Amino acid sequence: MQGLLSIPVLSEYPMILSVVLLLLGGLLTLVAGRWSEKASKTLAGLSLLGALFLNFLLLFSPEVWSHNEILHVFDWIGSGDSAIMTFGFRGDGLSAPVAILILSLGLFSVTFSYVYMKNLTNSGHYYALMVWFVAAMVGVVYATDLLQFFLFYEVMLIPAFLLVYLYGVSDDPTRRSRNAFQFWIWTAVGGLISLIAVFMLFADAGSLDIVTLYSSSLAVDPMKVDLAKTIGLIFLLGFGIKLGLVPLHVWAPPVYGEAPIPVLVLLSGAMTKTAAYGVIRIVIPIFSTALYDYSTGLMTISVITMFYGAMLAIAQKDLKMMLAYSSISQLGYLMFGYSTMTTIGLSGAAFQLINHGILASLMFFCAGAIKMKTGTMDFDRLGGLAPKMPVLATTFVIGALALAGTPPLSAFAGEWMIFAGAAERAVEAGGVSTAFLVLTVVGVVATGLTAGYYLWAIRRVFFGQVPEALEGVSDPSKIILSITILMTLLVVILGIWPWLLWQIVNPVLLSMMGGG
């Protein structure tokens with residue numbers, strides 16, 4: 001690894017090379033798919049593997065590992081000090097782990113597709129769209145300029161929409177197109193709303209460079225607090241739509257039900273994280289002071305999202321839809337951490353951003369494997385699968401317990417920090433805030449609902465009487481087991497040693513918030 005880091009082009013330009021590799025790899029995948037399905041699969045996998053390797057080089061580079069950054073900025077409109085807009089890539093202890101998450105899920109989803117996505121008319125189309133979807137999300141994470149951020153943020157909807165529209169699971173093309181267009185309209189509107197905030201921010205600050213805006217007058221001038229509140233809330237509305245926060249979630253259940261499992265992993269595990277990343281990279285550092293008094297309202301929305309998603313998850317008769325509503329509920333915890341506006345709460349939310357991407361994807365992969373082996377995800381048609389599928393059952397149970405916040409698994413550390421941040425707000429200034437105290441207690445109670453519906457799902461799927469039609473079921477292929485086992489090991493490692501991630505992310509958060 002050290003030897004590779006000494007190669008100038010790899011050590012200095014891993015982010016640019018990653019995006020270029022994914023764009024070209026997707027193009028080659030598209031062309032190769034016209035002649036060979038095997039070639040399209042191989043090229044897609046190699047493109048994502050190569051980009052993932054480059055991003056690990058970035059993470060372990062001396063600059064990022066020592067809490068600094070690798071930065072490349074090019075003039076876009078204007079030049080030099082008079083440049084109005086720039087185009088660049090910033091790699092640090094926050095962007096690199098999120099990009100690695102997205103690339104890992106992309107690689108796992110493509111690999112899972114080798115087994116799961118059968119009878120593709122043109123495999124090149126599917127695999128190229130998957131690679132380009134990942135490329136756009138990586139572009140979002142490394143963006144240094146707000147306009148560049150939203151360029152990638154909106155472009156990623158094109159392959160996402162096509163993947164749902166062309167490869168959705170509904171036999172009825174009218175229903176499939178309706179779900180895809182609903183997804184497109186809602187998420188595009190969310191992006192446009194945030195873009196309005198970008199233009200308002202530029203009109204006031206005269207800059208779109210994200211880090212420059214951290215110290216702009218809008219972020220620190222008490223005379224501009226009303227304008228800052230307005231712009232900050234507009235940003236949160238736009239990002240909230242793509243996150244799927246209640247009541248802005250209406251697009252999520254239909255598209256989660258429609259998307260095939262590999263696509264759903266990218267939608268839930270990766271795409272929603274670009275919105276979460278936007279909140280912690282843009283909104284919190286610039287507008288936290290102005291939005292500080294809105295914490296109660298934002299935390300209330302977060303708690304409603306937790307409970308709404310959990311209650312609907314309990315009501316589902318289908319494993320996939322239970323996981324879909326669970327994903328919505330879990331994003332409420334992430335927003336709850338943001339809403340505390342405290343350093344430890346934000347650290348917990350950043351930790352949970354990575355955790356949810358891993359755990360939600362693990363559970364969807366397990367659900368897809370169950371569907372492949374049994375032909376159904378209907379709880380009433382499942383049961384007693386633990387002896388038949390012992391390895392998959394183990395990974396599912398560990399993932400479920402982790403999502404419920406069980407120590408020493410990965411989500412426990414994130415949730416602990418999130419609720420610690422809320423408790424800090426409850427006792428600030430030497431007094432006790434009843435509102436913050438109640439919201440903290442209610443948030444903790446919501447974790448009990450998560451444990452409840454996951455334990456019930458485990459009972460219905462893996463224990464009890466085995467249906468006669470499932471007597472011959474066994475564990476899925478080695479490819480799928482390798483994916484789920486690897487992700488499960490990561491859940492255990494991050495749970496036992498959360499410092500592994502904390503030491504990389506937390507210094508960046510402190511610097512962004514002016515504390516380091």
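**View 1. Salt bridges across the whole model.** A search of the whole structure turns up 6 salt bridges. The model is a predicted one. Side chains of opposite charge can pair when their charged atoms come close. Three of the pairs are shown in the views that follow: Lys-242 with Glu-154, Lys-224 with Asp-204, and Glu-471 with Lys-388.

**View 2. Lys-242 and Glu-154 form a salt bridge.** The closest N and O atoms of this pair are 3.8 Å apart. Lys-242 sits in helix α13 (residues 225-243) and Glu-154 in helix α8 (residues 146-155), so the bridge ties together parts that are 88 residues apart in sequence. Are the two partners buried or exposed? Lys-242 has a relative accessibility of 0%, so Lys-242 counts as buried. Glu-154 has a relative accessible area of 22%, so Glu-154 is partly exposed. The cut-off explains the split: buried means under 20%.

**View 3. The surroundings of Lys-242.** This close-up stays with Lys-242, in helix α13. Which residues does Lys-242 touch, leaving out those up to four places away in sequence? They are Tyr-153, Glu-154, Met-156, Leu-157, Thr-187, Trp-251, Met-271, Thr-272 and Ala-275. Glu-154 is the salt-bridge partner. Tyr-153 offers a backbone oxygen, which lies 3.4 Å from a polar atom of the Lys-242 side chain.

**View 4. Lys-224 meets Asp-204.** The side chains of these two residues join in a salt bridge, with 3.1 Å from N to O. Lys-224 lies in the loop between α12 (217-220) and α13, while Asp-204 belongs to helix α10 (residues 173-205), so the pair ties together parts that are 20 residues apart in sequence. Both partners are partly exposed: Lys-224 at 23% relative accessibility and Asp-204 at 25%.

**View 5. Glu-471 and Lys-388 link two loops.** Their side chains meet in a salt bridge of 3.3 Å, N to O. The pair links distant parts of the chain, 83 residues apart. Glu-471 is in the loop between α21 (434-462) and α22 (478-496). Lys-388 is in the loop between α18 (343-374) and α19 (390-403). Glu-471 is partly exposed, with a relative accessible area of 42%. Lys-388 is partly exposed too, at 23%.

**View 6. A nonpolar patch on the surface.** The patch covers about 930 Å². Its members are Trp-76, Ile-77, Leu-151, Val-155, Ile-158, Tyr-165, Leu-166, Phe-181, Trp-184, Ile-185 and Val-189. Which elements supply at least two residues each? They are β1 (70-77), α8, α9 (157-167) and α10. Helix α10 gives the largest share, 4 residues. Phe-181, one of the patch residues, is found in α10. At 41% relative accessibility, Phe-181 counts as partly exposed.

**View 7. Gln-330 and its contacts.** Gln-330 is found in helix α17 (residues 319-339). Is Gln-330 buried or exposed? Its relative accessibility is 3%, so Gln-330 counts as buried. Set aside its neighbours within four places in sequence. Gln-330 is then in contact with His-356, Leu-403, Glu-415, Thr-450 and Tyr-453.

**View 8. Val-225 and Phe-365, a pair set apart.** Val-225 lies in helix α13. At 30% relative accessibility, Val-225 counts as partly exposed. How many residues separate Val-225 from Phe-365 in sequence? The answer is 140. In space the two are 45 Å apart, C-alpha to C-alpha.

**View 9. The whole protein, for context.** The protein has 23 helices and 2 strands. Its C-alpha trace spans about 70 × 60 × 50 Å along the principal axes. With 516 residues, a compact globule would have a radius of gyration near 24 Å; the protein has 22 Å, which agrees. Of the 516 residues, 60% count as buried. Take the contacts with a separation of 6 or more: residues 24 or more positions apart account for 80% of them. The protein exposes about 18,900 Å². Carbon and sulfur atoms supply 68% of that area.

Notes
Residues numbered from 1 in each chain as written. Heavy atoms only, no water. Salt bridge = Lys/Arg side-chain N within 4 Å of Asp/Glu carboxyl O. Buried < 20%, exposed > 50% of the residue type's maximum accessible area, 1.4 Å probe, protein only. Polar contact = N/O pair within 3.5 Å; in protein donor to acceptor, adjacent residues only side chain to side chain. Contact = heavy atoms within 4.5 Å. Patch = residues over 30% accessible without salt bridge, like charges linked within 9 Å, V, L, I, M, F, W, Y side chains within 5 Å. Areas by Shrake-Rupley, 256 points an atom, 1.4 Å probe, with all protein chains shown as cover. Rg over C-alpha atoms; globule rule 2.2 N^0.38 Å.
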